[in-house]
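Here is a friendly walk through one protein model, written for a reader who likes to check each feature on screen. Take a look at the structure first, and then read on.

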Amino acid sequence: MSTQSLEARRGLMFAAGAYLCWGLFPLYWKPLSQVPALQILCHRIVWSALLLALVLAVRGGWGWLAESLRDRRRLGLLALSAGMLSANWLIYIWAVTHNRVVEASLGYFINPLVNVLIGRMVLGERLTRPQAMAVIVSALGVGWLTLTAGTLPWIALLLAVSFGVYGLLRKTARLPSLEGLALETWLLFPLAFAGLMWFESEGTGAFLHGAPLDDWLLVGGGIVTTLPLLMFASGARRLTLTTLGLMQYISPTLQFLLGVWLYHEPFGGSRMFGYALIWSALAMYSGSSLYGLWKQRGQRA
């Protein structure tokens, strides 16, 4: 086996591991349903910040941090992206702990299409005809779900938009994923730590006041946040963006299956039709990406 093939196989393993971890997140957060989502978020930020500091201390090299702290524009963008990321985490944790896993999975299904729309509206990127059709069909699916349920699927839309805006801000800030997440969590750390102290002073703190499993899960939030990111970063270095784009559907698919089959959340009838429209839109989008890749390879050959 050639070195290139071996690296590609390793990339697939790392990326698949990351997407599997993210897809199985409901299994991790669900047992903490008795803990308020905001309190879980504060623990996730605090323990992630500490773990990332340890990882980066082992790796060495802090020049990027001094450079980022001197660059007011980058620091401002990362402060905004940290706000978007914390909002995304909070909404997702709330959804999982309040039996809305299926709707949360929908947010990550439509996120690639939201990214395309943000690229068009903010960056002036041109949409191909299949991409435009995919956005329209996805909008019809969301409209159908709204019409039949009588309310917007706000969890899905907030997750998709917050993560889409987060991606835009991180792309503009131009900092590697691990270092970027570290700086974001460090910026959020004072607020999160103060929040935990406030919960403790009010007598509502969960840490060390409940079941030992809860304590371990709260502390482990730092590990389950950082480990998939490290695997994803290793996979991304070895794979094309097209391959990563197709693999990203592993996570919402697993979340959807967990919501329907394990947690028995309602799904069927008119709701199924709305999801079918959105999945059809994703098929158009993915097919267009694959065709574009195939066409480029044909031209190079």
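The report below covers a pocket, salt bridges, loops, a surface patch and a few residue pairs.

Please keep in mind that this is a predicted model.

**The second largest pocket**

Let us begin with the second largest pocket, whose volume is about 200 Å³. Its lining is made of Arg100, Glu103, Leu106, Leu145, Thr148, Ala149, Thr151, Leu152, Pro153, Ser270, Arg271 and Tyr275. By character, the lining residues of this pocket split into six nonpolar, three polar and three charged. Three helices each give at least two residues to the lining: H6, H7 (129-149) and H13 (270-300). Helix H6 itself covers residues 101-122.

Two of the lining residues, Arg100 and Glu103, deserve a second look. They form a salt bridge with each other, and the closest N and O atoms are 3.0 Å apart. How exposed or buried is each partner? Glu103 counts as buried because its relative accessibility is 6%, under the 20% cut-off. Arg100, at 28%, counts as partly exposed.

**Salt bridges**

The pair at the pocket is one of four salt bridges in the structure. As a general point, side chains of opposite charge can pair when their charged atoms come close. Three of the bridges are set out here with their N to O distances.

| Acidic partner | Basic partner | N to O distance |
|---|---|---|
| Glu103 | Arg100 | 3.0 Å |
| Glu184 | Arg170 | 3.6 Å |
| Glu67 | Arg74 | 3.8 Å |

In the bridge between Glu184 and Arg170, the side chains meet at 3.6 Å. Glu184 lies in helix H9 (residues 177-201) and Arg170 in helix H8 (residues 154-173), so this pair ties together parts that are 14 residues apart in sequence. Both Glu184 and Arg170 are buried.

The bridge between Arg74 and Glu67 joins side chains at 3.8 Å. Here Arg74 counts as buried, with 12% relative accessibility, whereas Glu67 is partly exposed, with a relative accessible area of 41%.

**Loops and their backbone**

Which residues other than glycine have a positive phi? Asn99 is one of them, with phi near 60°. Asn99 sits in the loop between helix H5 (72-97) and H6. Arg174 is another, with a phi of about 55°, and its place is in the loop between H8 and H9. Arg174 counts as exposed because its relative accessibility is 69%, over the 50% cut-off.

Further along, the loop between H9 and helix H10 (212-236) holds Ala206. This residue is buried, with a relative accessible area of 16%. Ala206 and Ser251 are 45 residues apart in sequence, and their C-alpha atoms are 29 Å apart in space.

**Along helix H6**

Back in helix H6, two valines make a nice contrast. Val102 belongs to H6 and counts as buried, at 0% relative accessibility. The C-alpha atom of Val102 is separated from that of Phe267 by 8.2 Å, although the two residues are 165 residues apart along the chain.

Val122 is also found in H6, yet Val122 is exposed, with a relative accessible area of 53%. Where does Val122 belong on the surface? Together with Leu117, Met121 and Leu123, Val122 forms a nonpolar patch there. The accessible area of these residues together is about 390 Å².

**A residue pair from helix H8**

One more stop is Lys171, which lies in helix H8. Lys171 counts as exposed, at 53% relative accessibility. Its C-alpha atom is 9.8 Å from that of Leu77, and the two residues are 94 residues apart in sequence.

**Looking back**

A few views are worth revisiting on screen. In H6, Val102 is buried and Val122 is exposed. At the pocket, Glu103 and Arg100 pair in a salt bridge, while Glu184 and Arg170 link H9 with H8.

Key:
Residues are numbered from 1 along each chain as its sequence is written. This is a predicted model: local features need pLDDT of at least 70, side-chain atom pairs count only at pLDDT 80 or more; totals for chains, interfaces and linings use all residues. Side-chain values use heavy atoms; hydrogens and water are left out. Patches are made of residues with over 30% relative accessible area and no salt bridge: like charges are joined within 9 Å, nonpolar side chains (Val, Leu, Ile, Met, Phe, Trp, Tyr) within 5 Å. Accessible areas come from the Shrake-Rupley method with a 1.4 Å probe; for residues, only the protein chains shown count as cover. Helices (H or I, at least four residues) and strands (E, at least two) are DSSP runs, numbered from the N terminus. Buried means under 20% relative accessible area, exposed over 50%, partly exposed in between (1.4 Å probe, protein chains only). On a 1 Å grid over the protein atoms alone, a cavity is a set of points where a 1.4 Å probe fits but cannot get out, and a pocket is an open set with protein on both sides within 12 Å along at least five of seven lines; lining residues have an atom within 4 Å of a point. Grid points are joined across faces, edges and corners, and a volume is the space filled by probe spheres set on the points. Ala, Val, Leu, Ile, Met, Phe, Trp, Tyr, Cys and Pro count as nonpolar, Asp, Glu, Lys and Arg as charged, and the others, Gly among them, as polar.
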